[in-house]
Amino acid sequence: IYAKFVSQKISKTRWRPVPPGSLQTTETFATGSWDNEKISKTRWRPVPPGSLQTTETFATGSWDNEENYVSLWSIGDFGNLDSDGGFEGDHQLLCDIRHHGDVMDLQERIVAASSTGCVTVFLHHPNNQTLSVSQQWTAAHHHTGPGSPSCSSAPCTGVVCSNPEIVTVGEDGRINLFRADHKEAIRTIDNADSSTLHAVTFLRTPEILTVNSIGQLKIWDFRQQGNEPSQILSLTGDRVPLHCVDRHPNQQHVVATGGQDGMLSIWDVRQGTMPVSLLKAHEAEMWEVHFHPSNPDHLFTCSEDGSLWHWDASTDVPEKSSLFYQGGRNSTFLSHSISNQANVHQSLISSWLITDPTKDRIEITSLLPNRTLSVNSLDVLGPCLVCGTDAEAIYVTRQLFS
């Protein structure tokens, strides 16, 4: 398969199904559309709690364009097979709004972090399919001190929401705690880090996790009055920048991070100061890592090298001749069992913390057929996955586990 640029937008792609009973697998999974924008972030909009429906809308943010946008899309009937074995429908643009600066991060409540240091909360109006600005903090992140102009903005690199709190981090090493109904920050830690903070997530309310450009994972507790982290964990050896972080939805002590070297690190924040496992993954920067929110034995990563991977650590993965598989080819397990877990009951250990190669298997599947430009962002919810790329393409599937 090859690609070339054409004079019109490509709205759909289709792979033919493999013959029944074939041991081969199809090499792609989704339809893609060209958006004429480099996509920096993609996020599913959540469905109401207890709803039996699957999500049908997602938000995207763009970057490195003359004009950047936050956009809202619908997948409608996408995912239903038509009579030719293809997919019916396509994701359709519902509405968009201009965004000042690159979209550095985006959350499902449509909270956007900007390269200008601004943080914006957008409101969706479904009756007339428009987006408007609900709240905005224009100078949430900025450089101060000798050598910095009085109004020198700093990119806001990460944002995380836990209604009604919004936490942001930035290149300035600052942490902000906002509430959507307040015009000013509830709390600011001005010198939280001397290096760039790349990403943030909640460990448990009111604790957050941050990762920085010198390979550190820090835990912050907003109940404490001081400006120091409650815990610091770090990679050993070279201080490789960490770009992304996610915590296990059910076992909050289990944390995954991705680094500039493409490595996937698994941490147990209850024990030690180093990762439990280092998994050799992508060939370039890992931009995002996400546990599946309801099936966390499955994890997803994307990279600057143009790859999008599905990691399956579920106990029903069949026995294989090597620990990791990627698209039928052996991958590499770099190191394991850094911390001693002999005192932890086996039944309580997450599948991501079981590090005995004779007992555990992890299957890796490549979800995109060809590596092109960077896959900058992904999100998973139920059977649905969406990702955005520097190739100005959005890929969607509603059949992750079929």
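**Exercise 1. Work out how exposed Glu67 is, and then describe the salt bridge that Glu67 makes.**

Step 1. Glu67 has a relative accessible area of 38%, so Glu67 is partly exposed, where buried means under 20% relative accessible area, exposed means over 50%, and partly exposed lies in between (1.4 Å probe, protein chains only). The structure is a predicted model, in which local features need pLDDT of at least 70 and side-chain atom pairs count only at pLDDT 80 or more, while totals for chains, interfaces and linings use all residues. Residues are numbered from 1 along each chain as its sequence is written, and side-chain values use heavy atoms, with hydrogens and water left out.

Step 2. The partner of Glu67 in a salt bridge is Arg98, and the closest N and O atoms are 3.3 Å apart; a salt bridge is a side-chain nitrogen of Lys or Arg within 4 Å of a carboxyl oxygen of Asp or Glu. This pair links distant parts of the chain, 31 residues apart, with Arg98 in strand E5 (residues 92-99) and Glu67 in the loop between strand E3 (57-63) and strand E4 (68-74). Strands (E, at least two residues) and helices (H or I, at least four) are DSSP runs, numbered from the N terminus.

Step 3. Arg98 has a relative accessibility of 53% and therefore counts as exposed.

**Exercise 2. Place strands E4 and E5 in their sheet.**

Step 1. The sheet is open and has four strands in the order E2-E3-E4-E5, with antiparallel pairing, and two strands pair if DSSP finds at least two bridges between them. E2 and E5 are the edge strands, each of which pairs on one side only.

Step 2. Neighbouring strands of this sheet are turned against each other by 20 degrees on average, direction ignored. Axes are lines fitted to C-alpha atoms, for helices over the stretch in contact, and angles run from 0 to 180 degrees between N-to-C directions.

Step 3. Seven bridges connect E4 and E5 in the antiparallel sense, and Asn68 stands opposite His99 in E5.

**Exercise 3. Describe the salt bridge between Glu288 and Lys41, and find the network to which both belong.**

Step 1. The closest N and O atoms of Glu288 and Lys41 are 2.8 Å apart in their salt bridge. Because Glu288 lies in strand E24 and Lys41 in strand E2, the pair ties together parts that are 247 residues apart in sequence.

Step 2. Both Glu288 and Lys41 are buried, and a network of salt bridges links them with Arg43 and Asp105.

Step 3. Another salt bridge joins Asp268 to Arg270, with the closest N and O atoms 2.9 Å apart. Here Asp268 is buried, at a relative accessible area of 0%, whereas Arg270 is partly exposed, at 47%. The count of salt bridges comes to 13.

**Exercise 4. Describe the largest pocket and its lining.**

Step 1. About 1,500 Å³ of space lies in the largest pocket. On a 1 Å grid over the protein atoms alone, a pocket is an open set of points with protein on both sides within 12 Å along at least five of seven lines, a cavity is a set where a 1.4 Å probe fits but cannot get out, and lining residues have an atom within 4 Å of a point.

Step 2. The lining has 49 residues, and the closest to the pocket centre are Arg43, Asp105, Gln107, Val159 and His290. Among the elements that give two or more residues to this lining are strand E2 (38-44), strand E12 (156-162) and strand E24 (286-291).

Step 3. The lining divides into 22 nonpolar, 13 polar and 14 charged residues; Ala, Val, Leu, Ile, Met, Phe, Trp, Tyr, Cys and Pro count as nonpolar, Asp, Glu, Lys and Arg as charged, and the others, Gly among them, as polar.

Step 4. Of the seven residues of E12, six are buried. A hairpin joins E12 to E13 through two residues, and E12 pairs with strand E13 (residues 165-170) in the antiparallel sense over six bridges.

**Exercise 5. Find the lining of the second largest cavity.**

Step 1. The volume of the second largest cavity is about 40 Å³.

Step 2. Arg187, Ile189, Trp220, Asp221, Phe222, Gln224, Gly226 and Glu228 line the second largest cavity. Strand E15 (187-189) and strand E18 (216-221) each supply at least two residues of this lining.

Terms used. Points joined across faces, edges and corners; volume = space filled by probe spheres on them.
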